[in-house]
Amino acid sequence: MDFDLLISGAGPAGLCLARALADTGLTIGLVEQQPREALENAAFDGREIAMTQRSASLMRELGLWQRIHDTDPAALSPLRDAKVLNGASPFSMMIGHTLTNRSELGWLVSNHLIRRAAFAEVDAAAKAHGRITLMTGQPITRVLSQGAAAAGSAPAAGSAGSAAGTGDMTEVLLADGTTHRARLLVAADSRFSPTRRAMGVGASIHDFGRTMLVCQMTHEVPHNHVAWEWFDYGQTLALLPMNDDPVTGEHRASTVLTLPHQRIEPLLTMDEEAFGEEMSRRYHGRLGKMKLTSTRHNYPLVGVMPHRLVARRFACVGDAAVGMHPVTAHGFNFGLLSVNTLADELRLAHASGKDIGSPDLLARYERRHMLATRPLYEVTRLIATLYTTEAAPAKLLRNAALHLGQRFTPFRKLVAASLTGSL
Ligand SMILES: Cc1cc2nc3c(=O)[nH]c(=O)nc-3n(C[C@H](O)[C@H](O)[C@H](O)COP(=O)(O)OP(=O)(O)OC[C@H]3O[C@@H](n4cnc5c(N)ncnc54)[C@H](O)[C@@H]3O)c2cc1C
């Protein structure tokens, strides 16, 4: 089939891009290797996504927020303040919502609920006007030609004006043997994007040599909707505050423990009661007694920065455009930003009858998104490296940086602005 836009990957970023462009008149193909059922009823994966106010607004515009709220209002937890701790010290650098003009810094939403809502929105749009075609249960296995190879062919059905006169398309092969062409191919297929690789775009990969264990727990001491990032010695802990259980009233949080992988493994299979005790101990008893309430999931920590975000009739969005370390909680926030930036460019080009895959448009997208993401990618790498280094000078520096940060209000305002997404 021929499309204006072909998206590889129906994760949160690919689905949001399809939804953002659903009403433009562009024809969109969305290819996903997982079966439809895995998208429709996405399973809990342990990730609680901390979302900036800006991302929350984008989610409202896309209809996802309302869908999640309609299903379960308690699924949207306010993240009022955030604190950063170091070692065994009770001292913390506090990033309060009062540094902003909002009553919370951001929101927390489970990743699987975002995925379900995004799928429901795209599916509804596909059924409403038929300009979105979902192809599930098979990956893109090869990029057959990039751009000009299909020159001279007719424009995609319903795409008059979108690439007027060029006849220039990118062609891919799916696992079922079918081929599809598009004016623009978009990779939204994870930080290790096979499509990006097939297009010859390289990436710098940084393996942090650590694995994150994430799960939901109840705990005795209330969190007051304050998120914790705790660079303890020998481990890194985080607490993402969820709404209290609406039935039992118990305090709930998503807990995050980072360790070298061989030390995470035994914790994944440990008896639930022993795991609760182990986590209470690891949190130094500051949350009181803790109890596991979900499945446990683990993620190796690997940062990825592609060398380019575009190529001929090709662009990357979501993690395929920047694979962040989760410590600064910006992966999906940047994913939504990439979707918004690219969708703006595509909408404008399509509305004025211009080519949606033109080199100018793609260069503009790449410039805007790199500028928005590269500085924080590098800062995040630096923080993650410094705060897991335990030589004596590093410990001194860690402590000094936190005290300095607490005293220097403009710095904390900057961090607060980055957490709300108003930078
Ligand atoms: C532990 C953890 C905590 C996190 N916390 C936060 C947070 O607090 N805040 C935040 O903003 N972000 C956070 N993130 C990051 C966030 O989860 C990701 O940025 C986001 O899920 C990426 O979405 P995506 O759609 O780009 O990629 P993915 O979710 O990786 O989806 C890619 C999709 O592409 C499909 N695919 C792959 N290859 C192919 C192929 N060849 N053909 C077709 N389909 C293919 C896959 O099956 C998948 O469905 C966290 C991540 C982790 C691991």
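These are my notebook entries on a predicted model, covering its ligand, its cysteines and three further residues.

**Entry: the ligand and its surroundings**

I began with the ligand and looked up which residues come nearest to it; among the 29 residues around the ligand, these are Glu32, Arg47, Ala50, Asp319 and Phe332. I then sorted the shell by class and found 14 nonpolar, 10 polar and five charged residues. When I looked for the elements behind this shell, I noted that helix α1 (12–20), strand β3 (48–52) and helix α9 (331–351) each supply at least two of its residues.

Next I turned to backbone atoms facing the ligand. A ligand oxygen atom lies 2.9 Å from a backbone N or O atom of alanine 13, and a ligand nitrogen atom lies 3.1 Å from a backbone N or O atom of isoleucine 140. For alanine 329, I found a polar backbone atom 3.4 Å from a nitrogen atom of the ligand. How much of the ligand does the protein bury? Taken alone the ligand exposes 1000 Å², and the protein buries 90% of that.

**Entry: the cysteines**

I looked for disulfides and the count came to zero. For cysteine 16, the nearest cysteine sulfur is that of cysteine 316, and it is 17 Å away; because a disulfide requires two cysteine sulfur atoms within 2.5 Å, I could not pair them. Seen from cysteine 316, the nearest cysteine sulfur is that of cysteine 16, again at 17 Å, and cysteine 316 is in no disulfide. I also checked their cover: cysteine 16 is buried, with a relative accessible area of 1%, and cysteine 316 is buried too, with a value of 0%.

**Entry: glutamate 121**

I found glutamate 121 in helix α5, which runs over residues 111–129. Is this residue buried or exposed? Glutamate 121 has a relative accessible area of 13% and is therefore buried, the limit for that word being under 20%. Leaving aside neighbours within four places in sequence, I listed its contacts as Arg19, Leu62, Gly63, Leu64 and Arg67. With arginine 67, the side chain of glutamate 121 makes a polar contact of 2.7 Å.

**Entry: serine 418**

I located serine 418 in helix α12, residues 409–420. Its relative accessible area is 16%, so I entered serine 418 as buried. Apart from neighbours within four places in sequence, serine 418 is in contact with Thr52, His330 and Leu423.

**Entry: aspartate 319**

I came back to aspartate 319, having already met this residue among those that come nearest to the ligand. Where does aspartate 319 sit in the fold? I found its place in the loop between strand β19 (314–316) and helix α9. Aspartate 319 is partly exposed, because its relative accessible area is 25%, and partly exposed covers the range between buried, under 20%, and exposed, over 50%.

Once neighbours within four places in sequence are set aside, the contacts of aspartate 319 are Ser190, Arg191, Arg196 and Gly331. I looked more closely at arginine 191 and found a polar contact of 3.0 Å between its side chain and that of aspartate 319. As a last look-up I took the distance to proline 410, which is 91 residues from aspartate 319 in sequence and 30 Å from it in space, C-alpha to C-alpha.

Note on methods
Residues are numbered from 1 along each chain as its sequence is written. This is a predicted model: local features need pLDDT of at least 70, side-chain atom pairs count only at pLDDT 80 or more; totals for chains, interfaces and linings use all residues. Side-chain values use heavy atoms; hydrogens and water are left out. A residue is near a molecule or strand if one of its heavy atoms lies within 4 Å of it. A polar contact is a pair of N or O atoms within 3.5 Å; within protein, one must be able to donate a hydrogen and the other to accept it, and residues adjacent in sequence count only if both atoms are side-chain atoms. Accessible areas come from the Shrake-Rupley method with a 1.4 Å probe; for residues, only the protein chains shown count as cover. Helices (H or I, at least four residues) and strands (E, at least two) are DSSP runs, numbered from the N terminus. Ala, Val, Leu, Ile, Met, Phe, Trp, Tyr, Cys and Pro count as nonpolar, Asp, Glu, Lys and Arg as charged, and the others, Gly among them, as polar. Buried means under 20% relative accessible area, exposed over 50%, partly exposed in between (1.4 Å probe, protein chains only). Contact means heavy atoms within 4.5 Å.
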